[in-house]
Amino acid sequence: QVLLVESGGGLVQSGGSLRLSCTASGFNFGVWAMGWYRQAPGKQRDLVATIGVGGNTDYSQSVKGRFTISRDNAENTVYLQMNSLKPEDTAVYYCKWLSKNYWGKGTLVTVSS
């Protein structure tokens, strides 16, 4: 059974930082690309960042330079370090196995102004 469990969300002031974690199980994590998405209230779910098997990364323009995606294959975990947070970053953040339709349940990030 594939499971993706996010953690690390919370309430933070504008300009602050958070680190999200997503721990995977049920598949060979180390050979698949992973991604983080987010969905703000009333909006569609958007791709935030991706990381390939070799560690290559890509970011949406809105977070480039502020967020960093990384992975620890020994821990089956993908991270999203979020710095210089803005109120518009408020959303539920989801982890996804990019090649398959498996999602975590999400973790809420709220950035106050």
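**Aromatic contacts, sheet and disulfide**

Phe-27 and Trp-97 are both buried, where buried means under 20% relative accessible area, exposed means over 50%, and partly exposed covers what falls in between (1.4 Å probe, protein chains only). The model behind these values is a predicted one, in which local features need pLDDT of at least 70 and side-chain atom pairs count only at pLDDT 80 or more, while totals for chains, interfaces and linings use all residues. Residues are numbered from 1 along each chain as its sequence is written, and side-chain values use heavy atoms, with hydrogens and water left out.

Aromatic rings make a good place to start. The structure has six aromatic pairs, counted when rings of Phe, Tyr and Trp (its six-membered ring) have centres within 6.5 Å; planes under 30 degrees apart are called stacked, over 60 edge-to-face, and the rest tilted. One of the six brings together Phe-27 and Phe-29, whose ring centres are 6.4 Å apart and whose planes meet at 55°, so this pair is tilted. Phe-27 has a relative accessible area of 13% and is buried; Phe-29, at 1%, is buried too. Phe-27 also pairs with Trp-97, this time stacked, with 3.9 Å from centre to centre and 10° between the planes. That contact links distant parts of the chain: Phe-27 sits in the loop between strand 3 (18-25) and strand 4 (34-39), whereas Trp-97 belongs to strand 9 (residues 91-97), 70 residues apart. Strands here are DSSP runs (E, at least two residues), as helices are (H or I, at least four), numbered from the N terminus. Phe-27, Phe-29 and Trp-97 join Trp-32 and Tyr-102 in one aromatic cluster.

Two charged side chains also sit over rings, meaning that NZ of Lys or CZ of Arg is within 6 Å of the ring centre and within 35 degrees of the ring normal. The charged end of Arg-45 is placed over the ring of Tyr-94, 3.6 Å from the centre. Lys-96, for its part, lies over the face of Trp-103, with 5.5 Å to the ring centre.

Turning to the backbone, four strands make up an open antiparallel sheet in the order 1-3-8-7; strands count as paired if DSSP finds at least two bridges between them. Strand 1 (3-7) and strand 7 (67-72) are at the edges with a single partner strand each, so one side of each has no neighbour in the sheet. On average, neighbouring strands of this sheet are turned by 15° against each other, direction ignored, using axes that are lines fitted to C-alpha atoms (for helices over the stretch in contact), with angles from 0 to 180 degrees between N-to-C directions. Inside the sheet, strand 3 pairs with strand 8 (residues 77-82) in the antiparallel sense over six bridges, and Arg-19 has Gln-81 of strand 8 as its bridge partner.

Strand 3 also carries one end of a disulfide, Cys-22; the other end, Cys-95, is in strand 9, so the pair ties together parts 73 residues apart in sequence. The two sulfur atoms are 2.1 Å apart, and the count comes to one disulfide (a pair of cysteine sulfur atoms within 2.5 Å). The torsion about the S-S bond is about -75°, so the disulfide is left-handed. Cys-22 is buried at 0% relative accessible area, and Cys-95 counts as buried at 0% as well.

Lys-43 is exposed, with a relative accessible area of 58%, and lies in the loop between strand 4 and strand 5 (45-51).
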